[in-house]
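Student: I would like to learn how to read a model feature by feature. Where do we start?
Tutor: With the ligand, then the cores, then single residues and the backbone.

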Amino acid sequence: MSLFKNKKVVGLTSALVLASMLVGCGGTTPSTSTEDTENKKPQEQVLETDVVVIGAGGAGLASALEVTNAGKEAIILEKMPVVGGNTLRATGGLNAAETSVQSELGIEDSKEKFYEDTMKGGHDKNIPELVNTLTQNAADAVEWLIDLGGDFTNVGRLGGASNDRAHRPEGGDPVGPEVVSTLRTALEDKGMEVMTNTTATEILSEDGVVTGVVAEDEEGNELTISADAVIISTGGFGANSEMQVEYNSELEGFGTTNHPGATGDGIKMALELGSGLTQIKEIQTHPTTLPNDGYMITEAVRGNGALLINRDGERFIDEIETRDVVSEAILSQENGTAFLFFNQEIADSLGAIDGYIKRGLTVEGETIEELAETLEIPAEKIAETVEKYNGFVAAGEDTDFNRGDMPRSIEGGKYYAIEVTPSVHHTMGGLTINTDAQVLTEDGEAIEGLFAAGEVVGGVHGGNRLGGNALSDIVVFGRIAGQNAAK
Ligand code: ADP
């Protein structure tokens, strides 16, 4: 779709078309642009707004909504044909402590514990002020989403958490689509739509102050938007293997769980303006992804009771340890893979698993013997492992691997397995920001008019992100970026 055909999609009641200069058409007015499009001549369009939001994942949608809540206008650019980015792929939950949902479920949690877990999970490399902002504001983010009509009534536990605080829709359905659709609907209710297929290529500035963005549609037409502030919410670089290897050579040859738009554009554009980078080498692998294509099997499967077994039918790690530890443990098994193993009761406890079964990602057996035969693992070894684990559940203590949370024993079929291996999942390093989501230079100076939120930012997750913290991160900091950019 060309920018001109897309003009309605800008959809912002008063995004002002300053001028529509049709290059090579001697100043033809926009109304004749169809002809030019047919002739495939590149065109230029100039718009003006208060805030440009680059990237329509969770962080971008949340920030755009806060811009409009503050009475300002925003234009949201999205390079892919669909909105949602990696957020749409998030499954496990949105971590928050002291929410109304937790209290209704009788879960006693605290923001302090949430802070401690996040710092510990990140090996204390996280920037404390950013973690404080995250953990203090996540509950409010959940209430905000609920007020917008989102369903976050199911609360479970993900790796590294000392409490049940991963909020997701009823039945444990995937959280990402719920966050995206809730925010998108709220934006549409305000008459705002995302300008899809439109890639920001440059952030403009004058005398160190941000003045706008240059973007391009898929037909090569150029759009210049002047604005008082720009929010970078372009996500990470988990789909850019060259960039990953540049920052961390150990990741050569790894697959990825990321959507194809996660190419690090925001980082590259901000570097041109002198932005600092924080912990850019910190790249997380997700331990349980499909070996052939990196498709992610949510951590909530283990959180709800699944085991990880190797080709000898044995457990080899506390399944709900942090992602870096579990990834390393799987890579050291034969073939560098392992099997997620669970039964029908666990499958029934999490909506996401039903999706995996329907998509044919599981190997099944009515009995352990039947499953073991398909997996080519001695059945008696698996049976032994299950019996021992059930003993740990009954005793309330895992004397082999010290697994803290064992929500249920594994009694009776059907039995399921999914072969898994780690893939690049989340780029934890990125642009340097302060707690107001302002982008900072290497010297710690705020770049006037420039904000960033979400996976494009570094320092929130330190050396290892806890499952469920990406969703809190994008909503909390997306909101802050939107509120401050609107000022
Ligand atoms: P986050 O979780 O931080 O919100 P996501 O991956 O969910 O990150 O969303 C980031 C979005 O930004 C994706 O939809 C991606 O396609 C989009 N994006 C990335 N680079 C650009 C760019 N140069 N111009 C416009 N959109 C971009």
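Student: How far does a polar side-chain atom of threonine 87 lie from an oxygen atom of the ligand?
Tutor: The distance is 2.5 Å. Keep in mind that this is a predicted model. Aspartate 265 also has a polar side-chain atom to note, 2.8 Å from a nitrogen atom of the ligand. Threonine 234 uses its backbone instead: an N or O atom there lies 3.5 Å from a ligand oxygen.

Student: How much of the ligand's accessible area does the protein cover?
Tutor: On its own, the ligand has 590 Å² of accessible area, and the protein covers 98% of that.

Student: Which residues around the ligand come nearest?
Tutor: There are 27 residues around the ligand, and the nearest are Glu78, Asn86, Thr87, Asp265 and Glu455. Sort the shell by class next: 15 residues are polar, eight nonpolar and four charged.

Student: Which element gives the most to that shell?
Tutor: Strand E8 does, with three residues. E8 spans 198-206, and helices H3 (58-69) and H9 (265-272) likewise supply at least two shell residues each.

Student: Now the interior. What should I expect there?
Tutor: In soluble globular proteins, nonpolar side chains tend to be buried together. Here the largest nonpolar core has 82 residues. Helix H16 (residues 469-486) provides nine of them, the largest share. A second core, separate from that one, has 44 residues, including Leu307, Tyr356, Ile377 and Val386.

Student: Which residues have the most contacts inside the largest core?
Tutor: Leu77, Leu94, Val179 and Phe477. Take leucine 77 as an example. Beyond four places in sequence, leucine 77 touches residues including Val52, Val53, Ile54, Met195, Val213, Leu223 and Ile225. Gly55 and Thr198 are also among its contacts.

Student: How do I read the packing of one helix?
Tutor: List its buried residues, then ask what they pack against. In helix H5 (residues 111-121), Lys111, Phe114, Asp117, Thr118, Met119 and Gly121 are buried. These buried residues pack against strand E5 (94-95), H6 and H16.

Student: Is threonine 133 buried or exposed?
Tutor: Threonine 133 counts as buried because its relative accessibility is 12%, and the cut-off for buried is under 20%. Threonine 133 sits in helix H6 (residues 128-147). Past four places in sequence, threonine 133 touches Thr435, Val476, Phe477 and Ile480.

Student: Can a loop residue be read that way too? Where is glycine 458?
Tutor: Glycine 458 is in the loop between strand E20 (446-452) and H16. Glycine 458 has a relative accessible area of 1%, so it is buried. Setting aside neighbours within four places, glycine 458 contacts Leu130, Thr278, Met428, Gly429, Gly430 and Leu431. Sequence separation and spatial distance are separate readings. Glycine 458 and aspartate 354 are 104 residues apart in sequence, and their C-alpha atoms are 34 Å apart.

Student: What polar contact does the side chain of serine 409 make?
Tutor: The serine 409 side chain pairs with the glutamate 411 side chain at 2.9 Å. Serine 409 belongs to the loop between helix H15 (379-395) and strand E17 (415-427). Serine 409 counts as buried because its relative accessibility is 17%. Glu345, Asn390 and Val393 are its contacts beyond four places in sequence.

Student: And the backbone? What counts as unusual?
Tutor: Most residues other than glycine have a negative phi, and most peptide bonds are trans. Histidine 123 is not a glycine, yet its phi is positive, at about 60°. Histidine 123 comes just after H5, in the loop between H5 and H6. With a relative accessible area of 38%, histidine 123 is partly exposed.

Student: What is the phi of alanine 437?
Tutor: Phi of alanine 437 is near 65°, again positive in a residue other than glycine. Alanine 437 lies in the loop between strand E18 (430-431) and strand E19 (438-440). Its relative accessibility is 0%, so alanine 437 counts as buried.

Student: Which peptide bond is cis?
Tutor: The bond from glycine 413 to lysine 414 is cis, with omega near -10°. Lysine 414 is in the loop between H15 and E17.

Technical notes:
Residues numbered from 1 in each chain as written. Predicted model: local features only at pLDDT ≥ 70, side-chain atom pairs only at ≥ 80, totals over all residues. Heavy atoms only, no water. Core = buried A, V, L, I, M, F, W, Y, C linked by side-chain atoms within 4.5 Å. Buried < 20%, exposed > 50% of the residue type's maximum accessible area, 1.4 Å probe, protein only. Helix = DSSP H or I, 4+ residues; strand = E, 2+ residues; numbered from the N terminus. Contact = heavy atoms within 4.5 Å. Near = heavy atom within 4 Å. Polar contact = N/O pair within 3.5 Å; in protein donor to acceptor, adjacent residues only side chain to side chain. Areas by Shrake-Rupley, 256 points an atom, 1.4 Å probe, with all protein chains shown as cover. Nonpolar A, V, L, I, M, F, W, Y, C, P; charged D, E, K, R; others polar.
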